[in-house]
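Welcome, and please open your viewer. This tour tells you what to select at each stop and what you will find there.

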Amino acid sequence: MLFPRIKNHVTNIRFWPKAKVEPLRIFWFVVLKAYSPYRYISVFLAIYDQTIYGNEGIELTGQERRGEAMKYKSVVVLTGAGVSAESGIKTFRASDGLWEEHRIEDVASPEGYARNPELVLDFYNQRRRQLVSNDVQENEAHLALAKLEKGLLEQGGKFLLVTQNIDDLHERAGSKNLLHMHGELLKLRCESCDALSACVEDSSKQDTCSECGAEGSLRPHIVWFGEMPLAMDEIYDALEFCDLFVAIGTSGHVYPAAGFVEVANNSGAETIEINLEASAVTSHFDSQILGAASVAVPNFVEFLLLS
């Protein structure tokens with residue numbers, strides 16, 4: 001495989017499974033570019049070295065390596081909370097997350113909304129205020145993925161970005177081919193006519209739908225626990241025909257997203273995980289890069305585009 005599993009630290013670099021450790025390994029591009037004072041030399045070496053060793057110990061020439069990197073014609077990327085966390089978006093899985101103040105079933109389920117809609121609306125109003133504040137901005141990972149999309153499309157390839165995040169940071173970074181499988185915080189959905197409307201301010205039960213005029217029918221356009229994620233047919237179609245699947249900043253606990261890697265594997269795609277730590281489904285990926293998304297993703301994208 002092109003990207004063997006690696007553990008990325010400032011002072012410790014470990015390659016897994018066993019590989020020949022040589023000074024010109026391609027992983028200097030990802031690791032040393034971020035952390036070493038010789039990062040610029042590492043870029044030069046990563047591009048111009050003569051040989052690297054793949055996951056199975058197969059020696060690849062520079063020309064063959066270039067062909068390997070350029071073979072991807074259809075790429076699907078899945079992003080999770082780990083990407084937006086570096087922009088200041090708090091998540092319910094984090095120890096300092098906004099969700100700590102409430103039980104998940106109280107603010108992120110249809111039953112909770114039915115019991116206390118004011119509580120749920122206030123909860124999402126708080127998250128919306130945070131999102132539109134100057135404190136939250138897209139980070140280098142968001143920008144790198146937009147760059148990858150642009151570069152791949154210019155080469156005649158296909159690209160789909162699927163996000164579990166409900167913020168708009170991918171859009172701000174310039175991503176176009178994007179699906180929000182768990183909904184969008186800056187939209188409301190009418191329970192009477194299913195119309196969507198933009199929302200950047202607080203919402204209340206007194207709001208009326210601009211399409212059908214129904215009062216009290218607007219709810220956050222969020223997929224709550226127990227509800228079906230959005231655009232699943234389109235996502236599965238893309239996974240079945242992709243040749244590279246990358247999951248970034250995901251826990252691997254939430255399905256159906258956690259099962260995307262298996263769909264990609266069954267389609268014969270290369271599968272790569274980029275995460276701060278191993279996810280619950282790490283063993284299903286061909287390769288793994290451990291590190292902060294804002295560092296690892298730009299380096300990974302730069303390698304793909306320069307190779």
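## First stop: a salt bridge

At 18% relative accessibility, Asp 168 counts as buried, where buried means under 20% relative accessible area, exposed over 50%, and partly exposed in between (1.4 Å probe, protein chains only). Before you go on, note that this is a predicted model, in which local features need pLDDT of at least 70 and side-chain atom pairs count only at pLDDT 80 or more, while totals for chains, interfaces and linings use all residues. Residues are numbered from 1 along each chain as its sequence is written, and side-chain values use heavy atoms, with hydrogens and water left out.

Now select Arg 172 as well. Its side chain meets that of Asp 168 in a salt bridge, 3.0 Å from N to O. A salt bridge here is a side-chain nitrogen of Lys or Arg within 4 Å of a carboxyl oxygen of Asp or Glu. Arg 172 counts as partly exposed because its relative accessibility is 30%.

How many salt bridges does the structure hold? There are eight, and you can visit some others now.

- Select Lys 187 and Glu 184: their side chains meet in a salt bridge of 3.1 Å, N to O. Lys 187 is partly exposed at 27% relative accessibility, while Glu 184 is buried at 19%.
- Select Glu 227 and Arg 219: the closest N and O atoms of this salt bridge are 2.9 Å apart. Glu 227 is partly exposed, with a relative accessible area of 25%, and Arg 219 is buried, with 4%.
- Select Arg 103, Glu 105, Asp 106 and Arg 115 together: salt bridges that share partners join these residues into one network.

## Second stop: aromatic rings

A search of the whole structure finds five aromatic pairs. Rings of Phe, Tyr and Trp (its six-membered ring) pair if their centres lie within 6.5 Å; planes under 30 degrees apart count as stacked, over 60 as edge-to-face and the rest as tilted.

Select Phe 123 and Tyr 124. The ring centres are 5.0 Å apart and the planes stand at 90 degrees, so this pair is edge-to-face. Are these two residues buried or exposed? Phe 123 is buried at 4% relative accessibility, and Tyr 124 is buried at 0%.

Next, select Tyr 236 and Phe 260. They form another edge-to-face pair, with 5.8 Å centre to centre and 85 degrees between the planes. Tyr 236 lies in helix H10 and Phe 260 in helix H11 (residues 260–266), so the pair ties together parts that are 24 residues apart in sequence. Helices (H or I, at least four residues) and strands (E, at least two) are DSSP runs, numbered from the N terminus. Tyr 236 is partly exposed at 27% relative accessibility, whereas Phe 260 is buried at 1%.

To finish this stop, add Tyr 113 and Trp 224 to Phe 123 and Tyr 124: ring pairs link these four residues into a cluster.

## Third stop: a loop residue and its distant partner

Select Lys 73, in the loop between helix H3 (62–70) and strand S5 (74–79). Lys 73 is partly exposed, at 46% relative accessibility. Then select Gly 156: the two residues are 83 residues apart in sequence, and their C-alpha atoms are 7.7 Å apart in space.

## Fourth stop: backbone details

Most residues other than glycine have a negative phi, and most peptide bonds are trans. The next selections show exceptions.

- Tyr 255 and Pro 256: a cis peptide bond joins them, with omega about 15 degrees. Pro 256 is in the loop between strand S11 (244–248) and H11.
- Asp 194: its phi is positive, near 70 degrees. Asp 194 sits in the loop between strand S8 (183–190) and strand S9 (196–198), and is exposed, with a relative accessible area of 55%.
- Ala 231: its phi is also positive, near 60 degrees. Ala 231 is found in the loop between strand S10 (218–222) and H10, and is partly exposed, with a relative accessible area of 33%.

## Last stop: helix H10

Which helix holds Glu 234? Glu 234 lies in helix H10, residues 232–241, and is partly exposed at 46% relative accessibility.
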